[in-house]
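This briefing introduces one protein chain to a reader who has not seen it before. The sequence and the structure come first, followed by notes grouped by topic.

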Amino acid sequence: MVKYHIQYGKRRTIAVHINNSGKVIIKAPYNIPERIVLQFVSEKRDWINKNLARISRSKKYAHTYKPGDKFYYLGELFPIDFNESIRSVTLSNGNLIIPKGEKKAKDLLSAWFRKKARFILKKKLNNWSEIMNLSFNSLKITSAETRWGSCTSQGNVNFPFRIVMLPLEIIDYVVVHELSHLKELNHSKVFWKIVEVYRPMFKNERKWLRENSYKFVI
């Protein structure tokens, strides 16, 4: 039995949201019959349980921001350490060195990942857009926790800064995936054929990402 909380509001449809703590929230229109909500939850049970399991797995990778706590960068794990004599986060001798002690560790490390993400993704986007013979409008680095990328019809591509925690070949897959939306703004068979032209092993890469996403958290 799925435990959930109903949140009523001015809306036309029912939707389900699961927050980072694993709380299931059903967003429903005012005056909707309870039986309709129950039916909706029943139909979404598998999806809800799957995502609750993902959140449970992610908690095992929750960070303490203490010396020795490990973070992924480009698919490799690096322990963190602190050195108040430096000015910015530095990758040195197999360690992520963070200045100013533990209190600001999360903000400083997030800013470092964001900077690295912008640098790497600019190069990846320029390279792949040239190979794919298309152009994008803008790049935005976000703090998204559940999506690896998105693309608008205006050609704006968005990626979370935590994408640089992934191995480079998986980053390439995500970039090609989003750029392919500039040709086909959906997930039709035509879209996946486009992806396959540039990432012949995309099914394996997609499967790997789906099975390992829970590890790459900030």
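The second largest pocket has a volume of about 210 Å³. This volume, like every value below, comes from a predicted model. The protein chain carrying this pocket contains six helices and ten strands. The notes start with the pockets and then turn to the two sheets, two residues with unusual backbone angles, and the chain as a whole.

**The second largest pocket**

- Ten names make up the lining: Arg87, Ser88, Val89, Lys100, Leu108, Ala111, Trp112, Lys115, Lys116 and Phe119.
- Sorted by class, the lining of the second largest pocket has five nonpolar residues, four charged ones and one polar one.

**The largest pocket**

- The largest pocket holds about 1,700 Å³ of space.
- Its lining consists of 45 residues, and those nearest the centre of the pocket are Arg54, Glu145, Thr146, Arg147 and Arg162.
- Five elements give two or more residues each to this lining: strands β2 (15-18) and β9 (150-151), and helices α2 (45-59), α4 (168-180) and α6 (202-212).
- Helix α2 contributes the most, with nine residues.
- By class, the lining of the largest pocket comprises 19 nonpolar, 15 polar and eleven charged residues.

**The four-stranded sheet**

- Four strands form an open sheet in the order β4-β5-β7-β6, and their pairing is mixed.
- The edges are taken by β4 (70-73) and β6 (90-92), each of which pairs on one side only.
- On average, neighbouring strands in this sheet are turned by 40 degrees against each other, with direction ignored.
- Strands β4 and β5 run antiparallel and are joined by four bridges; within this pair, Phe71 has Phe78 of β5 as its bridge partner.
- The same two strands, β4 and β5, form a hairpin with two residues between them.
- Strands β5 and β7 pair in the parallel sense over three bridges, and here Phe82 stands opposite Ile98 of β7.
- Strands β6 and β7 (residues 95-98) run antiparallel, with three bridges between them.
- In this last pair, Ser92 has Asn95 of β7 as its bridge partner.
- Helix α3 (residues 105-131) packs on the sheet and touches β4, β5 (76-82), β6 and β7. The direction of α3 makes about 10 degrees with that of β4.

**The three-stranded sheet**

- A further open sheet has three strands in the order β8-β10-β9, again with mixed pairing.
- Strands β8 (138-142) and β9 each have a single partner strand, so one side of each is left without a neighbour in the sheet.
- Strands β8 and β10 (residues 156-160) run parallel and are joined by five bridges, with Thr142 opposite Pro160 of β10.
- Helix α3 lies across β8 and β10, running at about 150 degrees to β8.
- Helix α4 also packs on this sheet, where it touches β9 and β10, and its direction makes about 150 degrees with that of β10.
- Helix α3 thus appears in the notes on both sheets: it packs on the four-stranded one and lies across two strands of the three-stranded one.

**Two residues with positive phi**

- Most residues other than glycine have a negative phi.
- Which backbone angle sets Tyr65 apart, given that it is not a glycine? Tyr65 has a positive phi of about 60 degrees.
- Tyr65 lies in the loop between α2 and β4.
- With a relative accessible area of 10%, Tyr65 is buried, because the cut-off for that class is under 20%.
- Leu74 is likewise a residue other than glycine with a positive phi, in this case near 50 degrees.
- Leu74 lies in the loop between β4 and β5, in the turn of their hairpin.
- Is Leu74 buried or partly exposed? At 25% relative accessibility, Leu74 counts as partly exposed.

**The chain as a whole**

- The C-alpha trace spans about 60 × 45 × 30 Å along its principal axes.
- The chain has 218 residues, and 42% of them are buried.
- Of the contacts with a separation of 6 or more, 44% are between residues 24 or more positions apart.

Terms used: Residues numbered from 1 in each chain as written. Predicted model: local features only at pLDDT ≥ 70, side-chain atom pairs only at ≥ 80, totals over all residues. Heavy atoms only, no water. Pairing = 2+ DSSP bridges. Axes fitted to C-alpha atoms, helices over the stretch in contact; angles between N-to-C directions. Contact = heavy atoms within 4.5 Å. 1 Å grid on protein atoms, 1.4 Å probe; cavity = no way out; pocket = protein on both sides within 12 Å on 5 of 7 lines; lining within 4 Å. Points joined across faces, edges and corners; volume = space filled by probe spheres on them. Nonpolar A, V, L, I, M, F, W, Y, C, P; charged D, E, K, R; others polar. Buried < 20%, exposed > 50% of the residue type's maximum accessible area, 1.4 Å probe, protein only.
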